Amino acid sequence: MVVAGAGYLLRFPRKGKVDRLGPRSSGVSPDRSPRLRRTSVVRWNVGRKERVMVPPAAERKSGAAPVSVRPLDEADLDLADEICRVAFGTFLGAPDPFGTVDYVRTRWAADPQAAFAATVEGEVVGSNFAANWGTVGFFGPLTVRPDLWDQGIGRRLMEPVINCFDAWGNRHLGLFTFAHSPKHLELYRRYGFWPRFLTAIMKKQVTDGAAVPGRVLYGELPATERPDALSLCRALTGAVYEGLSLEREIVAAHAQGLGDTILLHGAGSELDGLAVCHCGAGSEAGVDVCFVKFGAVHPGPEAADRFERLLDACERLAAERGLGQLDAGMNLGRPDAYRRMIDRGFRTWLQGVTMHRPNEPGYSHPDAYVIDDWR
């Protein structure tokens with residue numbers, strides 16, 4: 001999930017009208033002499049709002065100070081989180097679109113060596129995160145402070161994540177961004193990423209369901225059994241896409257207390273399906289939400305039936321945790337899986353596009369029954 005040129009929420013004096021110097025205004029006063037104008041914005045800062053002035057490009061301090069990129073430290077997390085929130089708030093026109101969702105701390109804790117900060121004069125002004133899913137890698141959220149927009153900081157934050165992918169040996173790379181933003185599509189095209197199908201972020205209200213036969217939770221397994229469970233998970237995801245591994249997400253969800261991973265056993269020794277679920281505030285789900293960060297079933301003739309069972313198991317977990325909403329991302333390159341979610345009452349509340357490098361479907365094709373969204 002990427003907003004490289006955002007950071008403060010612009011003031012909206014009337015519906016549909018943004019109070020800023022827009023592309024149709026020349027910034028020339030009535031006497032025809034050029035002038036600089038500061039933009040008034042509302043900054044949303046940990047539950048309070050403040051009006052601040054964002055200087056025009058000619059006054060931004062980044063022109064005088066070099067940008068450095070380094071690993072993101074634990075002491076940086078509060079500021080990085082604030083920048084992330086106001087960046088997306090600006091882009092989406094909302095004060096804090098994440099609420100109790102936490103991307104920055106959870107992704108830093110999952111792999112601190114894959115989290116990066118951009119600094120100007122020693123102060124954090126942006127961040128980016130890389131994720132290693134075996135042969136698949138993706139990055140985000142990438143965010144930059146607003147008074148430093150359009151000055152190449154986003155490109156600087158791309159460098160270390162590309163280095164991570166090279167070191168990990170990922171062969172299929174991706175990201176989630178907003179399909180209507182030519183600026184973002186062009187930035188990532190320069191790095192070899194190409195837009196493919198839309199991805200729908202969907203939600204439904206949770207209803208109590210019956211117990212699902214064969215469902216086991218990773219977190220309830222004895223510690224001695226977890227390595228074998230991870231091996232079964234690797235075998236399943238490897239059947240979906242060669243080398244795909246969700247071990248990082250499974251272990252992180254358990255270690256950080258973010259939720260749990262559903263293991264769906266079938267008649268044989270292999271897993272029929274798995275789903276990494278975040279639950280509640282402080283995770284990537286948010287208050288009263290169960291978020292399926294990744295789900296997949298073993299491919300084959302009975303994959304659609306397995307997918308229905310996996311969705312049953314996810315909703316059952318949400319109900320057991322007392323959560324009212326189930327969220328899941330679905331790439332529209334998987335049309336039957338998408339249709340089945342609609343038939344169950346899922347509806348799209350956010351839509352974006354995944355960009356892939358190379359320009360190939362990966363595991364987003366009609367025979368795949370996979371849930372994810374690369375945000």
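**Notes on the predicted model**

1. Let's start with Asp150, which sits in the loop between strand 9 and helix 3 (153–168). The model is a predicted one, and in it the phi of Asp150 is near 55°, a positive value in a residue other than glycine. Is Asp150 buried or exposed? With a relative accessibility of 61%, Asp150 counts as exposed, because the cut-off for that class is over 50%.

2. Trp374 makes a good counterpart. Trp374 also carries a positive phi, of about 60°, although it is not a glycine, and its place is in the segment after strand 18. Here the relative accessible area is 5%, so Trp374 is buried. You will meet Trp374 again in the points on cavities.

3. For the overall picture, the protein chain has eight helices and 18 strands. Of its 375 residues, 54% are buried. If you look at contacts between residues at least 6 apart in sequence, 72% of them join residues at least 24 apart. The accessible surface comes to about 16,200 Å², and carbon and sulfur atoms hold 51% of that surface.

4. Two cis peptide bonds deserve a look. One joins Gly140 and Pro141, with omega at about 0°; Pro141 belongs to the loop between strand 8 and strand 9 (142–144). Another runs from Arg357 to Pro358, with omega near 5°, and Pro358 lies in the loop between strand 17 and strand 18 (370–371).

5. Next, the nonpolar cores. The largest has 46 residues, and those with the most contacts inside it are Leu72, Trp133, Leu244, Leu263, Phe294 and Tyr363. Apart from this core lies another, of 31 residues, including Leu264, Ala304, Leu317 and Phe346. Leu244 is a handy residue to click on: beyond its neighbours within four places in sequence, Leu244 is in contact with Trp133, Thr135, Val136, Arg234, Thr237, Gly238, Phe294 and Tyr363.

6. One of those partners, Thr135, is found in the loop between strand 7 (123–133) and strand 8 (136–139). Although a loop residue, Thr135 is buried, at 12% relative accessibility. Which residues does Thr135 touch, not counting those up to four places away in sequence? They are Asn170, Arg171, His172, Tyr241, Glu242, Gly243 and Leu244.

7. Helix 6 (residues 247–255) has Arg248, Glu249, Ile250, Ala252 and Ala253 buried. The cover over these buried residues includes helix 2 (104–110), helix 5 (226–240), strand 7, strand 13 (259–265), strand 14 (271–280) and strand 15. Just after helix 6, Gly257 adopts a positive phi of about 70°.

8. Strand 15 (residues 286–297) is where Gly286 lies. Gly286 has a relative accessible area of 3%, so it is buried. Setting aside neighbours within four places in sequence, Gly286 contacts Thr100, Val101, Gly280 and Ala281. The C-alpha atoms of Gly286 and Phe98 are 7.7 Å apart, while 188 residues separate the two along the chain.

9. Arg306, in helix 7 (residues 303–320), is a charged side chain to check: at 15% relative accessible area, Arg306 is buried, because the limit for that class is under 20%. Leaving out residues up to four places away in sequence, Arg306 touches Leu264, Asp272, Val297, His298, Pro299 and Gly300.

10. Now for the enclosed space. How many cavities of 30 Å³ or more does the structure hold? There are four, and the largest has a volume of about 70 Å³. It is lined by 13 residues, of which Asn331, Arg334, Ser364, Asp372 and Trp374 come closest to its centre. By class, this lining has three nonpolar, seven polar and three charged residues.

11. The second largest cavity, of about 60 Å³, is lined by Tyr103, Arg107, Trp133, Phe138, Glu284, Phe291, Lys293, Asp373, Trp374 and Arg375. Its lining splits into five nonpolar and five charged residues, with no polar ones.

12. Finally, the second largest pocket has a volume of about 300 Å³. Among its 18 lining residues, Pro97, Val101, Asp327, Trp349 and Arg375 are the closest to its centre. Helix 1 (77–92), strand 15, strand 16 (325–331) and strand 17 (347–357) each give two or more residues to the lining. By class, 13 of the lining residues are nonpolar, one is polar and four are charged.

Conventions:
Residues are numbered from 1 along each chain as its sequence is written. This is a predicted model: local features need pLDDT of at least 70, side-chain atom pairs count only at pLDDT 80 or more; totals for chains, interfaces and linings use all residues. Side-chain values use heavy atoms; hydrogens and water are left out. Helices (H or I, at least four residues) and strands (E, at least two) are DSSP runs, numbered from the N terminus. Buried means under 20% relative accessible area, exposed over 50%, partly exposed in between (1.4 Å probe, protein chains only). Contact means heavy atoms within 4.5 Å. On a 1 Å grid over the protein atoms alone, a cavity is a set of points where a 1.4 Å probe fits but cannot get out, and a pocket is an open set with protein on both sides within 12 Å along at least five of seven lines; lining residues have an atom within 4 Å of a point. Grid points are joined across faces, edges and corners, and a volume is the space filled by probe spheres set on the points. Ala, Val, Leu, Ile, Met, Phe, Trp, Tyr, Cys and Pro count as nonpolar, Asp, Glu, Lys and Arg as charged, and the others, Gly among them, as polar. A nonpolar core is a set of buried Ala, Val, Leu, Ile, Met, Phe, Trp, Tyr and Cys residues joined through side-chain atoms within 4.5 Å. Accessible areas come from the Shrake-Rupley method with a 1.4 Å probe; for residues, only the protein chains shown count as cover.
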